[in-house]
Amino acid sequence: MARALPFIGAGLLAIGLFAFPFLAGQNSYYIHLVQMMAIYAILILGLDIVVGYTGQVSLGHAGLFGIGAYGAAVIFHHYGLGVWPGLLVGVIVTGIFGAVLAVPALRVIGPYLAMVTLAFGTIIQIVINEWTGLTNGPLGVTLPPPRVVDFADWRSFWQGTLGLKAAEFQRLEFYYLCVLLMLVAILVVNRVVRSQYGRAFEALRDSPIACDCMGVSVYRYKVYAFVVSAALAGLAGALFSWSERYVSPNTYNFELSILFLLAVILGGRKSRAGPLIGAFIIVYLPNVLSDIELVRIMAGMIAAAALVALAIIALRSREKLVRALPPVILCLAFLPLTLNVNNVTDYRLTIFGLMILFVVFYLPDGVMGFLREVFPVLKPRHVTAAQPAAASAIFADRGLADAKTLLRVESVVMQFGGLKALDSVKLAIAPGTIHGLIGPNGSGKSTMMNVLTGVYRPTAGAVYLSQHRIDGLTPSEIAGKGIARTFQNVQLFGEMTAIENVLVGLHHTFRSTLMDAVLRTPRRAREEAEARARAMAILDFMGLGQFAGTEARNLPYGKQRMLEIARALALDPSLLLLDEPAAGLSAPDIAELVEIIRKIRGHGITLILIEHHMDVVMGLCDTVSVLDFGQKIAEGPPAKVQNDPRVIEAYLGGTVAEAAE
Ligand code: ADP
Ligand code: MG
C-alpha cells in the first residue's frame, strides 16, 4: 500500500489535470490558473533540488526563470521561432547560467550565498532591461497565441469532435503541454533525487567534508544540482512567456524569488507533492484574496479544518494536543475574516504574514512535513534494507602491496598562522599493518589526517601513496586513490539512513550517468541492486544490519561511530584512517571495535589509528608514532614506545621519575 501510494497519487493527479478543462467547462480563467500552477510547479520542483536536497539558498531563481522566458521570447522576436524551439533554447541557455550560479555556491554558504544569488537575479533583470537590441528593453516582447501542434488535419478533427472554436482549441493544446511537462518534471526529478546523484546532493548538504572524503566531489555535484535546477527554471520560464504571451523585465524580480522560496518551504522540501502544494498556494492565494466571497469560504474552511484536526489529535493523545494547540489557535485567527470584511486587500499582507509566521514556527517541514507526521504512510521512501551480498563481495581481492611502504610522509609542515601544527613530520606506513598515531590533545594528530586526505594542503613536504605523490590533490581525488577515513567529530549524513550513508561510500562503483537515472536504464538498476547488496553486507560486517533503515542522526552514538567506519569501508580503501574511533564508546563496544579492526586488517587493509585508549593502541598496533607539539618524538613497537621517557613526559607532563611513582 505505502509503496503504491506515490503511483496512485500521481495517477489521480494526471487524471484530474487532464479532465480539468472539461470539468471547469472550458472556463478560460480557471484553465489559465491551473496552467500557471503547472508552470510554477516545474520551477519549484527544480528549486527544491537546490534548497531541499543540497541545502543551498537561491534567491536567483527568478533571474533563471527570466532567462528562460526571454530565451523563448527573444528567438520569437528575432527569428519568428515558436513554442518548441523556445522551450529548447530556454532549457539550454538557463542550464548554462545555472552552472554560472553554482560558482558562488562553491565558495560561500548561508546568508552570503543568499546575497550573491540575489545579486545574480538583480543583474539579470538589469541586463534584460538595458540590452534593448536583444530583449526590446522595458517595452517587452509580445507573443502570438502559442501553436503546439502543426497538423491541420489533426486539429480540425479534434476541434470538430470537441466542438471547440480554433482559439479555444489552441489554448487547450497549450494547457495540456504545460500539464504534461509538469508530470514529466515530477518523474525526472523523482528519478534523479532517488539515484546516486540525489544521494550525493544530500550528502554534500549534511557534511560537505565527509562527502568529499567519500570520493563524491562536492564541487561537481553542486554544479550538477544547480544545472538541473536551472534547466527546470528555464523550461518553466519559456512556458511562462508563451502562457502570458508577453514578457517584460519587471516580472522577474526579487519578490518572485522570495515567492518561489516560500513555495518550497510552505509546501515542504524533499518531496514531489510539496512543490505542487507550494505552487498551488502561490498561484491561488493572490487570486483568492482578491475575491471577498472566496476569502470568507477559505477562512471558514481553514478554521473548520483546524477544529477537525484538533478533534482528531485530541482523540489520539493528550501530549500531541498540547503541541497542536498553538497552530490551531493561529488557524482560528482566520475566523473573523468570515464575518465582516469589506476591503480584503487591506488584509492581504496580514494573511501572508500570518502564514509565514505559522509555517516558520509550527511547520518547519512545510505542509508535506506536517502531513507526513500525521500520516506516516506519506513518509518518503528511504532505502531501508536490502538482501546482503556474499561477505566476499565487500573487499576487493587485493594482495599486499609489494613495496615496503604503502604511505610515505616526507617532512610535512602544516602551518596555521604562527602555529606549526605539524613540524617536519616523517612517517612510513608498512602495508598490512596497523600504525598507531598517539600524542596529547593538540599535538597535530587530526591535522596529519587532514593532510593525508587532502582536506589541508601541507605548507611544505610531500606525501606519497605507493610511489604516487598525493599532496595537492583534492580530498575526493585522494579518496579515489584508496584512502578512506573517519572523523574525530562524527560526520555522518544525518538525514539519510544507515544504508544510504554506506551507499554514498559506494558512489565510486556507479558508472551510470544522469541520463541513465532519468531513463531508468537496466544498467543503472543493476548497479543500484549490486550497490545495495554490498552496502547491506558491509553493514552486517560492522554489526549494523538491523539499523540499515534508521536515519543516521537517530542512531546511538556508538553505532554512529561504527557506521562511519562502514561508510569508509565502502570505498574499498587500501588505507583506512581512524580518528579516535573508541572515543565515547562503552567498554563492550570498544571490545567489539577492536575485533572489527582486526578483521579489517585481516582483509589486507592497512590502518592508521589515532586513539587515546592505550589498551586499544597497545593491543592492536604494530608500530606507534608519537606526536607532541607537531613533532614526532618517538616511534617503534608499542611496548618500547610506552616506556620511552619522552613519551611519558609528553603525556603526563611530568618526568619519568614522577610517572614511575
Ligand atoms: P589533535 O592531536 O588533538 O588531533 P589537532 O591536529 O586537531 O590536534 O590540532 C593541532 C593544532 O593545530 C591545535 O593547536 C589546533 O588548534 C591547530 N589547528 C588545527 N586545525 C586548525 C585550523 N584549521 N586552523 C587553525 N589551527 C588549527
Ligand atoms: Mg584530534
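In what order do the strands of the open sheet stand, and how many strands form it? The legends below begin with that sheet; the model is predicted.

**Figure 1. The open sheet and its edges.**
In this predicted model, 6 strands form an open sheet, in the order β8-β9-β10-β5-β11-β12. The pairing in this sheet is mixed. β8 (483-485) and β12 (631-636) stand at the edges and have a single partner strand each, so one side of each lacks a neighbour in the sheet. From one strand to the next, the twist averages 20 degrees.

**Figure 2. Strand β5 and its two partners.**
Strand β5 (residues 434-438) is joined by 4 bridges to strand β10 (residues 606-610), and the two run parallel. Another 4 bridges join β5 to strand β11 (residues 623-628), again running parallel. Gly436 shows both pairings: Leu609 stands opposite Gly436 in β10, and Val624 is the bridge partner of Gly436 in β11.

**Figure 3. Side chains of β5 and the helix on the sheet.**
Because 5 of the 5 residues of β5 are buried, this strand is largely enclosed by the rest of the structure. Ile434, Gly436 and Ile438 point one way from β5, while His435 and Leu437 point the other way. Helix α24 (residues 587-602) packs on the sheet and touches β5, β9 (575-579) and β10. The direction of helix α24 makes about 150 degrees with that of β10.

**Figure 4. The largest nonpolar core.**
In soluble globular proteins, nonpolar side chains tend to be buried together. The largest nonpolar core in this model has 161 residues. Those with the most contacts inside this core are Tyr40, Phe65, Leu239, Phe260, Leu539, Leu563 and Leu569. Helix α2 (residues 28-53) gives the most to this core, with 18 residues. Domain 1 (31-256) and domain 2 (405-660) each supply at least three residues to this core.

**Figure 5. The surroundings of Tyr40, and a second core.**
Which residues does Tyr40 touch, not counting residues up to four places away in sequence? They are Phe65, Phe240, Leu256, Phe260, Ala279, Ile282 and Val283. Of these, Phe65 and Phe260 are also listed, like Tyr40, among the residues with the most contacts inside the largest nonpolar core. A second, separate core has 24 residues, among them Met414, Leu427, Val451 and Ile478.

How values were computed
Residues numbered from 1 in each chain as written. Chains lettered and ligands numbered in written order. Predicted model: local features only at pLDDT ≥ 70, side-chain atom pairs only at ≥ 80, totals over all residues. Heavy atoms only, no water. Core = buried A, V, L, I, M, F, W, Y, C linked by side-chain atoms within 4.5 Å. Buried < 20%, exposed > 50% of the residue type's maximum accessible area, 1.4 Å probe, protein only. Domains from an automatic or database assignment. Contact = heavy atoms within 4.5 Å. Pairing = 2+ DSSP bridges. Axes fitted to C-alpha atoms, helices over the stretch in contact; angles between N-to-C directions.
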